[in-house]
Amino acid sequence: MSKLLEYREKLNLTQEELAEKSRISVRTIQRIEAGARLKGHTLNAISEALNISKEELVKEKSEETLDLKLVKLINLSSLPFVAIPFANIIVPAAIIYFKKEYNSLTKQIISVQIMWTIVSGTLFLLSPFFNRVFTSEIRLTLPVLIVSILLNIIIILINAIGLDKNKSLRIHLKFSII
């Protein structure tokens, strides 16, 4: 449930009443309640109309309201698709989108998978050049592919354990790609 919907229902307002009070279209309010990001003029107008701080309206879900089972499912949904390029990103992203589970943990799960796909794809594409540079008889393409798949499986499983034990990812980036 979106923060806007939650606050609007607490104040016993309809979407039309909030639209009139904030001078924002009903359609915009519907989009925000469906998961669109609240920002700029719209954020100012709605926070003023509801008499709520802007920070409170845009605050992400806290750990108490976090659906940990769904976050674990999002993390583990990459597992069956580690060998299929971009499916390890698209499947969890689709779950996040349809379940509207936007929070820092789910963003980090997707960010880690994006970064891993970029790094492993680059190494895979460069492996034939490494063969020529080092004049190796062993072809590195298949071993690089196998090692990158196994390491991604390990990353996903370590993060699943971290979510179980302390509700956080053990392997994460210091920044978010999305």
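Visitor: Why is Phe134 called exposed?

Guide: Exposed means over 50% relative accessible area, buried under 20%, and partly exposed in between (1.4 Å probe, protein chains only). Phe134 has 60% relative accessibility, so Phe134 counts as exposed. Keep in mind that this is a predicted model, where local features need pLDDT of at least 70, side-chain atom pairs count only at pLDDT 80 or more, and totals for chains, interfaces and linings use all residues. Residues are numbered from 1 along each chain as its sequence is written, and side-chain values use heavy atoms, leaving out hydrogens and water.

Visitor: How many aromatic pairs does a search of the whole structure find?

Guide: Just one aromatic pair turns up. The partners are Tyr97 and Phe98.

Visitor: What makes Tyr97 and Phe98 an aromatic pair, and why is the pair called edge-to-face?

Guide: Rings of Phe, Tyr and Trp (its six-membered ring) pair if their centres lie within 6.5 Å; planes under 30 degrees apart are stacked, over 60 edge-to-face, and the rest tilted. Here the centres are 5.1 Å apart, with 75° between the planes, so the pair is edge-to-face.

Visitor: And which of those words, buried, exposed or partly exposed, fits Tyr97?

Guide: Tyr97 is partly exposed, because its relative accessibility is 49%. Phe98 is exposed, because its relative accessible area is 66%.

Visitor: What does Ile29 contact, leaving aside its neighbours within four places in sequence?

Guide: Contact means heavy atoms within 4.5 Å. Ile29 is in contact with several residues, including Leu4, Leu18 and Ile46.
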